[in-house]
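The exercises below are meant to be worked through with the sequence and the structure side by side. Try each task before reading its solution.

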Amino acid sequence: MNALKETDSDTIKSLAKEIQEISEVVRFDSLILLTYTAEAVNRYLEQSLKQFDQDQTRINILYLLIGNGGSLTPTKISKGVN
């Protein structure tokens with residue numbers, strides 16, 4: 001019975017190691033996919049904003065102002081945009 005428990009323990013450890021290795025690959029692949037998706041969204045947004053003669057910086061400033069009740073110092077806007 002102890003031999004069976006040791007075999008089960010080794011199998012579980014082996015599976016745990018394999019799952020950990022796979023999860024590292026999946027995390028990296030997910031990060032790459034997220035990066036490509038973010039780039040595509042940024043390109044789309046940039047093209048859409050050009051139709052209205054706007055850019056991402058102006059949109060970020062508006063977002064900051066709306067989120068802060070409509071007024072911020074130029075220094076705080078600068079820090080928020082960068």
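**Exercise 1.** Does Arg27 count as buried or exposed, judging by its relative accessibility?

*Solution.* Begin by placing the residue: in this predicted model, Arg27 is part of helix α1, which covers residues 2–50. Next, take its relative accessibility, which is 55%, and compare this value with the cut-off, by which a residue over 50% is exposed; Arg27 therefore counts as exposed. As a further step, follow the chain from Arg27 to Leu49, which is 22 residues apart from Arg27 in sequence, and note that the C-alpha atoms of the two are separated by 32 Å.

**Exercise 2.** Find how Arg58 is placed, and set its separation from Val81 along the chain beside their separation in space.

*Solution.* First, locate Arg58 in helix α2. Its relative accessible area is 45%, and because this lies between the limits of 20% and 50%, Arg58 is described as partly exposed. Then turn to Val81: the two residues are 23 residues apart in sequence, while their C-alpha atoms are 9.1 Å apart in space.

**Exercise 3.** Describe how helices α2 and α3 pack against each other, and state which residues make the contact.

*Solution.* Start with the geometry: α2, residues 56–67, and α3, residues 74–81, pack at an angle of about 120°, and their axes are 10 Å apart. Since roughly perpendicular pairs have angles of 65 to 115 degrees and roughly antiparallel pairs have angles over 145, the two helices are oblique to each other. The handedness of their crossing is right-handed. Now list the residues: from α2 come Thr57, Asn60, Ile61, Leu64 and Leu65, and these meet Ile77, Gly80 and Val81 from α3. Sorted by class, this contact has five nonpolar and three polar residues, with no charged ones.

**Exercise 4.** What is notable about the phi angle of Asp53, and where does this residue lie?

*Solution.* Phi of Asp53 is near 55°, which is a positive value in a residue other than glycine. For comparison, most residues other than glycine have a negative phi. Asp53 belongs to the loop between α1 and α2, and because its relative accessibility is 64%, Asp53 counts as exposed.

**Exercise 5.** Which helix has the lowest confidence, and which the highest?

*Solution.* Consider the whole protein before its parts: the average pLDDT is 88, and 93% of the residues score at least 70. Within the protein, the lowest confidence is found in α1, with a mean of 86, and the highest in α2, at 92.

Terms used: Residues numbered from 1 in each chain as written. Predicted model: local features only at pLDDT ≥ 70, side-chain atom pairs only at ≥ 80, totals over all residues. Heavy atoms only, no water. Axes fitted to C-alpha atoms, helices over the stretch in contact; angles between N-to-C directions. Helix = DSSP H or I, 4+ residues; strand = E, 2+ residues; numbered from the N terminus. Parallel < 35°, antiparallel > 145°, perpendicular 65-115°, else oblique. Left-handed = near helix turned anticlockwise from the far one by under 90°. Contact = heavy atoms within 4.5 Å. Nonpolar A, V, L, I, M, F, W, Y, C, P; charged D, E, K, R; others polar. Buried < 20%, exposed > 50% of the residue type's maximum accessible area, 1.4 Å probe, protein only. pLDDT = per-residue confidence, 0-100.
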